[in-house]
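Student: I would like to go through some of the labels used for this model and ask what each one rests on.
Tutor: Go ahead; we can take the helix packing, then the pocket, then the backbone.

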Amino acid sequence: MFVNSESELKKLNRKQKILDKKTVVLIFSNMCGPCHMFLPIWRDFVTTQKQNKNINVIAIEVSFVDGVTNPALKEMIRKMTLKNPYVPNVARYNPESKRLGIFRLQRTVADLKRFTK
């Protein structure tokens, strides 16, 4: 899911059990040069994950972060920004361990796939 409009934010907010499975979140800004360089890699990564029903992949434009109403996702985003206040910011939530991991590898599709395992 790519949240950069009010309609996409509404769709996201309707998903109640979003963190019941592994979730990878990207927070980006439309006004960020490094984000623009990373977005094609992110889109390629999302394409590789479309068939994977065991993972949620979400990108949220920073101006829509405050509009997220799901309490668990809101808390995940809060922790993400505490650990890394800069964009692009990618984190993974593991529902089994209840742990949040921050992506610190090379910005490649292969490293994003490795990060999600």
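Tutor: In this predicted model, H2 packs with helix H4 (residues 109–116) at an angle of about 50°, and their axes are 9 Å apart.

Student: Why is H2 called oblique to H4?

Tutor: Angles under 35 degrees count as roughly parallel, 65 to 115 as roughly perpendicular and over 145 as roughly antiparallel. The angle here is about 50°, which falls in none of these ranges, so H2 is oblique to H4.

Student: What is the hand of the crossing of H2 and H4?

Tutor: H2 passes H4 in a right-handed crossing.

Student: How do you know which residues meet between H2 and H4?

Tutor: Contact means heavy atoms within 4.5 Å. By that test, Phe38, Ile41, Trp42, Asp44, Phe45, Thr48 and Gln49 in H2 meet Val109, Leu112, Lys113 and Thr116 in H4. Sorted by class, the contact has six nonpolar, three polar and two charged residues.

Student: What makes up the lining of the largest pocket?

Tutor: The largest pocket holds about 260 Å³ of space. It is lined by 13 residues, and Met1, Gln49, Ile55, Asn56 and Val57 are the closest to its centre. A lining residue has an atom within 4 Å of a pocket point. Helix H2 (33–49) and strand S3 (55–61) are the elements that give two or more residues to this lining. S3 gives the most, with four residues.

Student: How do the lining residues of the largest pocket divide by class?

Tutor: Six are nonpolar, three polar and four charged.

Student: What makes the bond between Val87 and Pro88 stand out, cis or trans?

Tutor: Omega is about -5° and the peptide bond that joins Val87 and Pro88 is cis. Most peptide bonds are trans. Pro88 lies in the loop between helix H3 (71–83) and strand S4 (89–94).

Student: Why is the phi of Lys98 worth listing, and where is Lys98 found?

Tutor: Most residues other than glycine have a negative phi. Lys98 is not glycine, yet its phi is positive, near 60°. Lys98 is in the loop between S4 and strand S5 (99–102).

Conventions: Residues are numbered from 1 along each chain as its sequence is written. This is a predicted model: local features need pLDDT of at least 70, side-chain atom pairs count only at pLDDT 80 or more; totals for chains, interfaces and linings use all residues. Side-chain values use heavy atoms; hydrogens and water are left out. On a 1 Å grid over the protein atoms alone, a cavity is a set of points where a 1.4 Å probe fits but cannot get out, and a pocket is an open set with protein on both sides within 12 Å along at least five of seven lines; lining residues have an atom within 4 Å of a point. Grid points are joined across faces, edges and corners, and a volume is the space filled by probe spheres set on the points. Ala, Val, Leu, Ile, Met, Phe, Trp, Tyr, Cys and Pro count as nonpolar, Asp, Glu, Lys and Arg as charged, and the others, Gly among them, as polar. Axes are lines fitted to C-alpha atoms, for helices over the stretch in contact, and angles run from 0 to 180 degrees between N-to-C directions. A crossing is left-handed if the near helix is turned anticlockwise from the far one by less than a right angle, and right-handed if clockwise.
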